[in-house]
Amino acid sequence: VRVATGGGTGESVPMLLRIPAFGDPFGNDRLLGFGDIALPGLLVSYLRRHDLMSRRSLKAGYFAPALVGYFIGLCVTIAALCIMKMGQPALLYLVPGTLGTTLVIASLRKEIELLWEGIPARDQAGITGGYEDSDD
């Protein structure tokens, strides 16, 4: 855990979250690294921005499914931790939950290129990101 807490650098930035393990007779903590929150968080915040630019609601956008995917991935991580009784790389479960969900939805909507390029998706009214579409 020395690297996850900054090692000998003297950094005081919290790079590790300690979550108490309920029901553990030894009182051990569950550890969640900063990268397990920051990296999926960057994707989820990008998806929220894309939804806002595309003028999509939470139900019609990418943000809510990615957030649900993150939650499910985190639950699977904790379940794997309890089943295997040893530390698990959380990103192994969080990436399919967030990026996998996003890619499946984007491929069904045929919007992978739009997401990659950061171009707002076209809504039903023919408006793209608040600007009139001149192709029609």
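This passage describes the fold, a helix pair, the ring contacts and two backbone features of a predicted model.

The overall layout is a good place to begin. In the predicted model, the protein chain holds four helices and four strands. Followed along the sequence, these elements come in the order β-β-α-α-α-α-β-β. The chain has 136 residues, and 28% of them are buried. Turning to contacts in the protein chain with a separation of 6 or more, 46% link residues 24 or more positions apart.

Among the helices, α1 and α3 invite a closer look. Helix α1 covers residues 35-53 and helix α3 covers residues 91-109; their axes come within 10 Å and cross at roughly 5 degrees. Because angles under 35 degrees count as roughly parallel, α1 is described as roughly parallel to α3. On the α1 side, the contact is formed by G35, D36, L39, P40, L43, V44 and L47. Their partners in α3 are L91, L94, T98, L99 and T102. Sorted by character, the residues of this α1 and α3 contact comprise eight nonpolar, three polar and one charged.

Aromatic rings come next. Across the whole structure, a search for aromatic pairs returns zero. Rings do, however, appear beneath arginine side chains in two places described here. R48 lies over the face of F63, 5.5 Å from the ring centre. R48 belongs to the stretch of α1, residues 35-53, and F63 to α2, which spans 63-84. R109 lies over the face of Y62, with 4.7 Å to the ring centre. R109 is the residue that closes α3, given its range of 91-109.

The backbone offers two further points of interest. Most residues other than glycine have a negative phi. R55 is not a glycine, yet its phi is positive, at about 55 degrees. R55 is placed in the loop between α1 and α2. With a relative accessibility of 55%, R55 counts as exposed, because the cut-off for that class is over 50%.

K110 tells a similar story. K110 is not a glycine either, and its phi is positive at about 60 degrees. The loop that holds K110 runs between α3 and α4, the latter being residues 112-117. K110 has a relative accessibility of 73% and therefore also counts as exposed. Thus R55 and K110 each combine a positive phi with a place in a loop between helices.

Technical notes. Residues are numbered from 1 along each chain as its sequence is written. This is a predicted model: local features need pLDDT of at least 70, side-chain atom pairs count only at pLDDT 80 or more; totals for chains, interfaces and linings use all residues. Side-chain values use heavy atoms; hydrogens and water are left out. Rings of Phe, Tyr and Trp (its six-membered ring) pair if their centres lie within 6.5 Å; planes under 30 degrees apart count as stacked, over 60 as edge-to-face and the rest as tilted. A charge sits over a ring if NZ of Lys or CZ of Arg is within 6 Å of the ring centre and within 35 degrees of the ring normal. Axes are lines fitted to C-alpha atoms, for helices over the stretch in contact, and angles run from 0 to 180 degrees between N-to-C directions. Helices (H or I, at least four residues) and strands (E, at least two) are DSSP runs, numbered from the N terminus. Angles under 35 degrees count as roughly parallel, over 145 as roughly antiparallel, 65 to 115 as roughly perpendicular and the rest as oblique. Contact means heavy atoms within 4.5 Å. Ala, Val, Leu, Ile, Met, Phe, Trp, Tyr, Cys and Pro count as nonpolar, Asp, Glu, Lys and Arg as charged, and the others, Gly among them, as polar. Buried means under 20% relative accessible area, exposed over 50%, partly exposed in between (1.4 Å probe, protein chains only).
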